[in-house]
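Colleague: I would like to learn how to read ring pairs and pockets in a model. Could you walk me through them?

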Amino acid sequence: GSSYFWLQRPAMSESGLKLRWEELCQGLGVSKDMEQKWWNVLKNRYTESQRAYHTLSHLDEMFGFFEEHLKLISDAASVSLAIFFHDVIYDPKAGSPQNEIDSADVFDHFVQEALPGGSERGFRAMKVRRWIVQTAHHKCTEDDEMDCKLFMDFDMAVLGRPWPQYEAYSQQIRQEYSHVSEALYCAARGAFLTSTATDSRSKIFATDIFRNERERQAMENAAQEAEVLRAKLDRCSLIARIGASIALRLKALASANWSSWSKLTGVSAVGLLAGSAIVAAPVHVMLGVGLPVSAAAGYLAVQLGTSTYIRQPLPTAPEPESGLALIAGSFNPPHQGHLEMVRYLSARYQRVHAIIGVNPNKKYDVSPYERQELFRAMLKEIGLTNVDVIIVWSYIWKHAQQHGAKVMYRGLRSFRKDGASEKCLELQNISGQLLLGRVRPIPTAYIQADPRFSMVSSTLIRERLKRGESITELVPGGCASLVQRCYAEKIA
């Protein structure tokens, strides 16, 4: 009975969820076209064939808890957005935290495309994105908002169901991981559940209300499922059990080693592999082994050594080239030097994406969404209509590949000042496309800064604002007050 009930809920709840989405979008000022477009995105994602538990039924259940605890929620719109988007990407083969990061990226796309501008937009987007990424581990700190803690508990509430309903949930999870062998699944999930059931120091739920109602049942469910999985594992062949044990040990070892190396050196796995390939290439050739690695190293060396550098005065194109070009930076804030480079690309290409790159591990005084609005206002003032300002949280080369960009541009004041760091970034972009994306790299090109603005920088603007000085010659005149309003209080 209970298994049937939970599996049948998506068809019953879809119209209610759609109505809830429409009301949410209307409250946020989203246009009707965008409302319908993004409902279709959500519906199509949550009804994908690989899903059994992470469906519209899961959202419906979470909104049930949302209504039950509505009086405790401060920002209902943000919690609703987090519920709708937190599992919008769900690929059991990709796993966590990739699914959560990708879901946050889809939410970010919705924000940039559909949410109207304003100071609240950036604050809400940053908050909801953080919550979605946090569902990779569901751990809250004392500093997290009550809304965040409630959202996490809504998502984890399934663990505290009565056993028959919990068992239906566990069967749905197994269905989603049907590509994993029985022995490996039982060993991996069993180890996790045993740890959960025996670790009295770590609480499953973040709020007292859910702990009081569901913590004990959740611990009992974890212990009981772990026992069921142990019994299933015992029925697997000896070879299958040994294989599963080796696979788990290798995964743990690899994860620990890469994590330790990255923390110690600050070098990513991709960067390390690419760098070692270049350094070791002569040895590989000499020993007659590793020909693919040596070929990749040679390709990297050629790419790095033949990048286009467009010097001042910048050439004028007779007519725009077809296709898309990218120029990336932090634009914190954008200024006249940036705009001159974008103006050149706007004349040279049919379409340009000005990418605000974001480091997810870095805190910004002024959010990327506020910088996006500043940049858009500046482009409007100088009359560039074929340039889109886009925030990218992941690899910029991924965005370039997804949108078919021809070139990724970077601005340079001089190679003497910025060349080394820019070449390191170019190496990471090339090696990332080769090793992670397994695609032909999109080339990087450099634009020399206009000598009139060679001394202008985002740092200079922030320093002037800190001292209460004018910035009117550093940004378009009509936007100086916007920049001042955006930055002055936050960097004082």
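**Reading rings and pockets**

Modeller: Happy to. Let's start with a group of rings: W21, W38, F63, F66, F84, F85, F107 and F110 are linked into a cluster by ring pairs. Keep in mind that this is a predicted model.

Colleague: How many aromatic pairs does a search of the whole structure find?

Modeller: The search gives 21 aromatic pairs. W21 and F85 form one of them, with 6.0 Å centre to centre and 65° between the planes. Planes over 60 degrees apart count as edge-to-face, and the pair of W21 and F85 is indeed edge-to-face.

Colleague: Which helices do W21 and F85 lie in?

Modeller: W21 belongs to helix α1 (residues 2-28) and F85 to helix α4 (residues 76-85), so their pair ties together parts that are 64 residues apart in sequence. Both W21 and F85 are buried.

Colleague: W21 and F110 also pair; is that pair stacked, tilted or edge-to-face?

Modeller: Look at the angle between the planes. Under 30 degrees counts as stacked and over 60 as edge-to-face, with the rest tilted. The planes of W21 and F110 stand at 50°, with ring centres 5.5 Å apart, so this pair is tilted. Helix α5 (residues 98-114) holds F110 while helix α1 holds W21, so the pair ties together parts that are 89 residues apart in sequence.

Colleague: Why does W21 count as buried?

Modeller: Buried means under 20% relative accessible area. W21 counts as buried because its relative accessibility is 0%. F110 is buried too, with a relative accessible area of 0%.

Colleague: What lies over the face of Y185?

Modeller: That is R174, at 4.3 Å from the ring centre of Y185. Elsewhere, R371 lies over the face of Y364, at 4.6 Å from the ring centre.

Colleague: Now to pockets. What is the general idea?

Modeller: Rolling a probe the size of a water molecule over the atoms shows where empty space is left. Here, the second largest pocket has about 840 Å³ of space. Its lining has 28 residues, and the closest to the pocket centre are D105, H109, H399, Q402 and H403.

Colleague: Which elements give two or more residues to the lining of the second largest pocket?

Modeller: They are α2 (32-46), α5, α15 (368-382), β4 (387-392) and α16 (396-402). The largest share, seven residues, comes from α5.

Colleague: How many nonpolar, polar and charged residues does that lining have?

Modeller: By class, the lining of the second largest pocket has 12 nonpolar, seven polar and nine charged residues.

How values were computed:
Residues are numbered from 1 along each chain as its sequence is written. This is a predicted model: local features need pLDDT of at least 70, side-chain atom pairs count only at pLDDT 80 or more; totals for chains, interfaces and linings use all residues. Side-chain values use heavy atoms; hydrogens and water are left out. Rings of Phe, Tyr and Trp (its six-membered ring) pair if their centres lie within 6.5 Å; planes under 30 degrees apart count as stacked, over 60 as edge-to-face and the rest as tilted. Helices (H or I, at least four residues) and strands (E, at least two) are DSSP runs, numbered from the N terminus. Buried means under 20% relative accessible area, exposed over 50%, partly exposed in between (1.4 Å probe, protein chains only). A charge sits over a ring if NZ of Lys or CZ of Arg is within 6 Å of the ring centre and within 35 degrees of the ring normal. On a 1 Å grid over the protein atoms alone, a cavity is a set of points where a 1.4 Å probe fits but cannot get out, and a pocket is an open set with protein on both sides within 12 Å along at least five of seven lines; lining residues have an atom within 4 Å of a point. Grid points are joined across faces, edges and corners, and a volume is the space filled by probe spheres set on the points. Ala, Val, Leu, Ile, Met, Phe, Trp, Tyr, Cys and Pro count as nonpolar, Asp, Glu, Lys and Arg as charged, and the others, Gly among them, as polar.
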